[in-house]
Amino acid sequence: SVAFPSRDRSCFQLFAVSAWLQALSLTAAVGTLRLADSAGVAFDRGLVRDDRAYYLRFSNVFRADLGLQFSASELGASYGLRLTPDPLSLEVSPFHTGELRYVYATPRFVLSITETGGIGEQTFLGAARVSPISTLAPAPAPGFPAPSTPTLATSSAIDSSLLPGALTLSLISSRTAAAASYRWERRLGSVLSAGYQVYGGLGRDAQRYLALQHTVDGSISVDYGISARTSLVSALVAAHGWSSSDVRYTLFTLSESVQYKWSATTNADAGVGISSRASEVPDDATRIVTTPVAAVGVTHHLGGRDLSGSLRFQLTYAPVVDALTARIQNRLVALGSAGMTQGDLRAGVSLTASQAIPTDAPGAVSSVTAGAYGGYQLNSWLGATLHAQVTRQELQTTGLPAGSITPSGVVWGVYAGLYAVSPTWRF
């Protein structure tokens, strides 16, 4: 036994009561488990070097999501496995994905910590890839983080469109990120975030085509509500990257953006800024490049008795990291999309045009991609989906080293499949 002075004993008792209440809240957690599986077939036209080829691919994707909800926090984990036969050898290529996430939220403060990763084999079919699950989701444009969600707007968006066709590579991707947001008052809030990312080929053979890239980045943003309809966002983004191809860069982006709510169904956003970077490339001097960045977008939501949907148009000019060379290219991207849901039916279309600036730089690429999707919920746990996509890409080959990969042309693909989702089990 230990004898405490009266004051210390009171502090100890208070600590013991606090620990007991915390343990009680942990035992009162609500757990959820959900399983999903999808299987389908895709028919693609890809590019193998400068030749066209057709592929028939089968795939199966399994996913499990586990969540624990406490009074003010949430802990979650997920695991996914994609099995895809190689289009030439028919050998099965597995790709594993996982995610750990923690969120703590109060009326004013939100803290989120996430760890995502993937490892396995990925088959690329040229300028475009049709897959029921995307493993290369691009990051937002640099300098334009959304103030309502504590996520990072980073320059590490990966552009995989230049990979050759019918090439199976060992791939690794991982990102560790933390973000904290705080509402100082009703109109004023701030977001601070940081992260570390690894993406690229695993091993020397894969890195011949896909450089292994490391990125450390962080951002701080402040949003102020000028009125009930208008808010202003100031953001500073910093990133440092290096790769297995001995390319290094350091980037800073400062921007101002405004968000305006035209009506209950229509929102607009626009922003401008300046980005400065220092790049180190093998056999070349360090270059310092300063360029403007800009983004503008309009979103319109549709609604009815049983119909809901949205229309989105966005135009962005910002630096993007090229997946093959790990070098930064200034990219002008226009995106238009529309989606709707009515009862058990889902459908949507999208059109994207992208152009590297300057257009005559070695490795500069221009592309136009059109896509459509549809889905139907057959019953409470089973559904069907259909995807189609076509891409035309032109690569600037002038000034590239001899033997460089130069796929230009048209790639298209069609995917059809079934997906099953279990009910959410609670415990």
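Tyr-182 counts as partly exposed in this predicted model, because its relative accessibility is 28%, a value that lies between the 20% below which a residue is buried and the 50% above which a residue is exposed. A search of the whole structure finds three aromatic pairs, and one of them joins Tyr-182 to Trp-184: the ring centres are 4.7 Å apart and the planes stand at 70°, so the pair is edge-to-face. Trp-184, with a relative accessible area of 51%, is exposed. Another edge-to-face pair is formed by Tyr-260 and Trp-262, with 6.3 Å from centre to centre and 80° between the planes. In that pair Tyr-260 is partly exposed at 31% relative accessibility, and Trp-262 is likewise partly exposed, with a relative accessible area of 47%.

From the rings we can turn to the charged side chains, among which the search of the whole structure finds five salt bridges. In one of these, Arg-175 meets Asp-217, with 3.2 Å between the closest N and O atoms; the pair links distant parts of the chain, since Arg-175 belongs to strand 7 (residues 167-183) and Asp-217 to strand 9 (residues 213-225), 42 residues apart. Both partners are buried, Arg-175 with a relative accessible area of 15% and Asp-217 at 3% relative accessibility. A salt bridge also forms between Arg-183 and Asp-223, whose closest N and O atoms are 2.8 Å apart. Arg-183 lies in strand 7 and Asp-223 in strand 9, so this salt bridge ties together parts of the chain that are 40 residues apart in sequence. Here Arg-183 is partly exposed at 27% relative accessibility, whereas Asp-223 is buried, with a relative accessible area of 8%.

A further salt bridge brings together the side chains of Arg-312 and Asp-269, at 3.1 Å from N to O. This pair, too, links distant parts of the chain, with Arg-312 in strand 14 (residues 307-322) and Asp-269 in strand 12 (residues 266-280), 43 residues apart. Asp-269 is partly exposed, because its relative accessible area is 25%.

Next come the strands themselves. Strand 15 (residues 328-342) and strand 16 (residues 345-357) pair in the antiparallel sense over 13 bridges, and within this pairing Ala-338 has Val-349 of strand 16 as its bridge partner. The hairpin of the two strands has two residues between them, and Gly-343 takes a positive phi near 65° there. Gly-303, which is placed in strand 13 (residues 287-303), is exposed with a relative accessible area of 68%; its C-alpha atom is separated by 9.6 Å from that of Thr-341, although the two residues are 38 residues apart along the chain.

What makes up the largest nonpolar core? Seven residues do so, namely Phe-95, Leu-169, Leu-171, Tyr-199, Ala-206, Tyr-209 and Leu-210. Ala-206, one of these residues, touches Leu-169, Ser-170 and Gly-201 when residues up to four places away in sequence are not counted.

Taken as a whole, the protein has two helices and 20 strands, and 37% of its 427 residues count as buried. Among contacts between residues at least 6 apart in sequence, 56% join residues at least 24 apart. The accessible surface comes to about 22,500 Å², and 63% of that surface belongs to carbon and sulfur atoms.

Notes
Residues are numbered from 1 along each chain as its sequence is written. Side-chain values use heavy atoms; hydrogens and water are left out. Two strands pair if DSSP finds at least two bridges between them. Helices (H or I, at least four residues) and strands (E, at least two) are DSSP runs, numbered from the N terminus. Buried means under 20% relative accessible area, exposed over 50%, partly exposed in between (1.4 Å probe, protein chains only). Contact means heavy atoms within 4.5 Å. Accessible areas come from the Shrake-Rupley method with a 1.4 Å probe; for residues, only the protein chains shown count as cover. A nonpolar core is a set of buried Ala, Val, Leu, Ile, Met, Phe, Trp, Tyr and Cys residues joined through side-chain atoms within 4.5 Å. Rings of Phe, Tyr and Trp (its six-membered ring) pair if their centres lie within 6.5 Å; planes under 30 degrees apart count as stacked, over 60 as edge-to-face and the rest as tilted. A salt bridge is a side-chain nitrogen of Lys or Arg within 4 Å of a carboxyl oxygen of Asp or Glu.
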